[in-house]
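Hi,

Here is the structure I said I would pass on. Have a look at it first, and my notes follow underneath.

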Amino acid sequence: MTRSVYFFGNGTADGTRDMKVTLGGKGANLAEMTNLGVPVPPGFTIAADQCVAYLEHGGISDALRAEVRDALARLEDVSGKRFGDPANPLLVSVRSGASVSMPGMMETILNLGLNDETVEGLSRASGNPRFAYDSYRRFLQMYADVVLGVSIHRFEQLLATKRLTTGAASDSDLSAEALRSLVKEYQQLVRAVTGADFPMDPQVQLWGAIEAVWHSWTLKKAVDYRKVNGIPHTLGTGVNIVSMVFGNMGDDSGTGVAFTRDPSTGERRFYGEFLVNAQGEDVVAGIRTPLHIDEMARLLPGAYEQLLDTQARLEQHFRDMQDIEFTVERGTLYLLQTRTGKRTTAAALRIALDMVDEGLITQREAVRRLQPNQLDQLLHRVIASTAHATPIAVGLPASPGAASGIVVFDPDAAEQRHLKGEQVILVREETTPEDFHGIVAARAVLTARGGMTSHAAVVARGMGKCAIVGCTALEISNEHRSMCIGDHVVAEGDWITLDGGTGRVFLGDLPTQPSEVMRVINGVLPQADAPTYQGFATLMGWADAHRRLKVRANADTPRDARVARNFGAEGIGLCRTEHMFFEGDRITAMREMIIARDEGGRRRALEKLLPMQRADFEGIFQAMDGFPVTIRLLDPPLHEFLPHGGEESFLLAQSLGLARQELARIVSALRETNPMLGHRGCRLGVVYPEITEMQARAIFEAAVRAFRRGIDVRPEIMVPLVSDVSELRHQRAIIEQAAEQVMGVMGERVPYLIGTMIELPRAALTADEIAHQADFFSFGTNDLTQTTFGLSRDDAGRFLPQYLEAGLLADDPFQVLDAKGVGKLVKWAVRDARDVKAHLKVGICGEHGGDPRSVTFCHEAGLDYVSSSP
């Protein structure tokens, strides 16, 4: 029979801290503390898998009931008390505890086992009737709220009235008689609300509490906490039944919560709060104003000295900052919990570095102590700590940072207002490449539709701009130049503030500030005055010493490349050449090329684009001196570069000498039913080889010019959307011919590679054939995910949230790489390609390259590098 209940007490325990999956974090640590000899009240833990079984199937097995009965009998023997005994009652706490800490998200019940008889026994045994009835009213209140569904606020109203009518300044001033009367009022309230008497049988109370703890795993706050923190919904929670110790027995008793180090700053000092004559919820619920932990040294000196010694032992043993809960009962200290303490990012950084200096952990362990999203917070603008506001909507946090600006609804207005010196936020239903200039001008982007890898998200991340996408509460009225979010109407020109780290949207101009790390990188703040930056740089240096994967950046301009280099990028993994075509005269020349009636016309337009592309490439090569630069040839369908009506169409027709009807006909002819699977990528180069030729010439001319200036140039030319080796062979021939022509004329040779982006399932499945023509592979996992799932990344936001809510998918596949499906294609392609070329360079340049869990997969799959936004 599989064991489900684990006992701890009298210095020995059935479990250890390594059993967190089985016992939950609280249960495992209670067992570990018991084995260490730390003073812990005896108790037992019901394994977390029983929670999962109960929620899935309902009902409680006879076997589990028998195990709990045996453990309870053992607890009675150890404590010398009996559960439900009117003379000497055993009282217990019933508390949750998942394998990953979820502070305050699930339920707790204290003083369980009290009824009208046992409260009198507790009164006689303690010699303190006030304490007994204080414990009883607490139990009635907690149990009725958690198990019976009677709102805790109704009990608080009765308690407040009792204080008022008796003249008590606080709860602790209520007399035994007042509390006895209050207990009767609580019982009457339960009867009035539920139609039944409060359960007096301790066994009924116990199982009611256990089931309530299991049910609390499904509470909205617990579910939301797991979503935000990436905790699986399948873990379940352990249930800890522990003999009660009482901090509310008088002035020689108390309770508190403390940290072995300061959770805000990371400073190595004992930090916490404490209350005399109180129970634990008084501290955490803010019922009373607590004392600083230092006051305990004066009020309970013996217990304080023991607590100091115990907290030091626990930190030394667990080798991390601990969050501990304790109770002092008549001068005797008991530890109720220890767990890894929650801390700010700055504190986490300082603690990790200090513990390396103290010899507690290694540099490698220090790196693993900091979560990637924590470090990310150190880089982006933040809403100033002085700002206090309530969000009006929440969308997907596509690109972190904080920004305030006036709302504009089209890219032209964004650009015009930006040129006037105004701070703007571009708000759109969704963005397209036509909006690029507006994104450039805006401080941040907000869209009603789209996912984490939609156009707005990808471009904003690449530019380091704050962005929130998929904000479904947003309703835009272009006619009225306004948007509605719930009851709020925001007109064009009104101020809003976005927090891209959390997806929250605020009304008004909230103050923001650059992070300390960014102020140093930008030269605004000296390193000597920036301890957080110094810690960040140290930790990243340790990470570099241990990693195998190289890290490149997705960058499309010399400026982006410089930013990436400042952050330590070891090359460009993706330079999207189409982004170079959207500014000034470039878009005009590009449109000339598209509208041209023959190859001659296209070539004349391309000749105008060539020097522009060449200058950009030369700037990128300079910024990445000594590192590889992977340049993707033109990828999007041509219709994305053309206006679709309005004044812009009129002006374009006029500039090209076309009738508006003729331009409309051309635009209509280029429009595709499914452009993501249409005439784009290498298919453009096959039909219009002059485009590939121009881009290759621009790359090689820029490479030679940079080489002549002493720059170590390493171009890698990437052919997009290849599905068959014949396409890569065709494009490779054009590129190689351009290389020979340029280098022959310019009299210099530079090394270069030609490869492809693997972004279609067929390309992954025929990777062995394609490898014969490729010098490298780069996985474009955005499109590979789309084409493997058959999902549009821009439209899936309409239903993917429901899939995630229902548990049909564990993660959004556009945020976290799907290891089972898309990942299998990646692994197959790597294996088959390296069977042909053992040392083929392989990387990833899709948005997954910046996601921590996806990077883990890339490491395991044997990739050489990941590439992400600067």
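**The antiparallel sheet**

Strand β4 (residues 92-98) and strand β6 (residues 237-243) run antiparallel and are joined by 7 bridges. Within that pair, Ser96 sits opposite Val239 of β6. Before I go on, please keep in mind that this is a predicted model.

The two strands belong to an open sheet of 6 strands, ordered β2-β1-β3-β6-β4-β5, with antiparallel pairing. Which strands stand at its edges? They are β2 (12-13) and β5 (108-112); each has a single partner strand, so one side of each is left without a neighbour in the sheet.

**Glu325 and Arg95**

Glu325 lies in strand β10 (residues 322-329). Its relative accessibility is 15%, so Glu325 counts as buried, the cut-off being under 20%. What does the side chain of Glu325 make a polar contact with? The partner is the side chain of Arg95, at 2.8 Å. Leaving out residues up to four places away in sequence, Glu325 touches Arg95, Gly256, Val257, Tyr334, Leu335, Leu336, Gln337 and Arg339.

**Helix α6 and its two sides**

Helix α6 (residues 152-166) has 15 residues and spans 21 Å from its first C-alpha to its last, close to the 21 Å expected at 1.5 Å a residue. Its buried residues are Phe155, Leu159 and Lys162. These cover an arc of only 60 degrees around the axis, which puts them on the same side of α6. That buried set packs against α5 (129-148) and α7 (176-194). On the face turned away from the buried side, α6 carries the exposed residues His153, Gln157, Leu164 and Thr165. Note that a lysine is listed among the buried residues, while a leucine is listed among the exposed ones. Gly167 follows α6 and has a positive phi, near 75 degrees.

**Gln205, a buried glutamine**

Gln205 is part of helix α8 (residues 202-216). Is Gln205 buried or exposed? With 0% relative accessibility, Gln205 counts as buried. Its side chain reaches the backbone oxygen of Pro199 at 2.9 Å. Setting aside neighbours within four places in sequence, the contacts of Gln205 are Leu112, Gly113, Leu114, Asn115, Phe139, Tyr143, Phe198, Pro199 and Met200.

**The mixed sheet**

There is also an open sheet of 8 strands with mixed pairing, in the order β13-β23-β22-β15-β16-β17-β18-β14. Here β13 (393-394) and β14 (396-399) stand at the edges with a single partner strand each, so one side of each has no neighbour in the sheet. Further in, strand β17 (residues 444-447) pairs with strand β18 (residues 466-469) in the parallel sense over 3 bridges. The bridge partner of Ala444 in β18 is Cys466.

**β32 and its partners**

Strand β32 (residues 865-868) is covered on both faces: Tyr865 and Ser867 are buried on one side, and Val866 and Ser868 are buried on the other. As a reminder, side chains in a regular strand alternate between the two faces of the sheet.

Which strands pair with β32? Strand β25 (residues 550-554) does so in the parallel sense over 4 bridges, and strand β31 (residues 841-844) does so in the parallel sense over 2 bridges. On the β25 pairing, Arg552 has Ser867 of β32 as its bridge partner. On the β31 pairing, Ile844 stands opposite Val866 of β32. From β31 the chain crosses through helix α34 (residues 852-860) to β32, and this β-α-β crossover is right-handed.

**Two backbone spots to check**

Most residues other than glycine have a negative phi. Two loop residues have a positive value instead.

- Asn277 has a phi near 55 degrees. It is in the loop between β8 (271-276) and α10 (280-284), and Asn277 is buried, with a relative accessible area of 16%.
- Arg481 has a phi of about 50 degrees. It is in the loop between β19 (474-477) and β20 (482-485), and Arg481 is partly exposed, with a relative accessible area of 28%.

Over to you!

Key: Residues are numbered from 1 along each chain as its sequence is written. This is a predicted model: local features need pLDDT of at least 70, side-chain atom pairs count only at pLDDT 80 or more; totals for chains, interfaces and linings use all residues. Side-chain values use heavy atoms; hydrogens and water are left out. Buried means under 20% relative accessible area, exposed over 50%, partly exposed in between (1.4 Å probe, protein chains only). Two strands pair if DSSP finds at least two bridges between them. A crossover is right-handed if, with the strands pointing away from the viewer, the path from the first strand over the helix to the second runs clockwise. The expected span of a helix is 1.5 Å times one less than its number of residues. The arc is that of the directions from the helix axis to the C-beta atoms. Contact means heavy atoms within 4.5 Å. A polar contact is a pair of N or O atoms within 3.5 Å; within protein, one must be able to donate a hydrogen and the other to accept it, and residues adjacent in sequence count only if both atoms are side-chain atoms.
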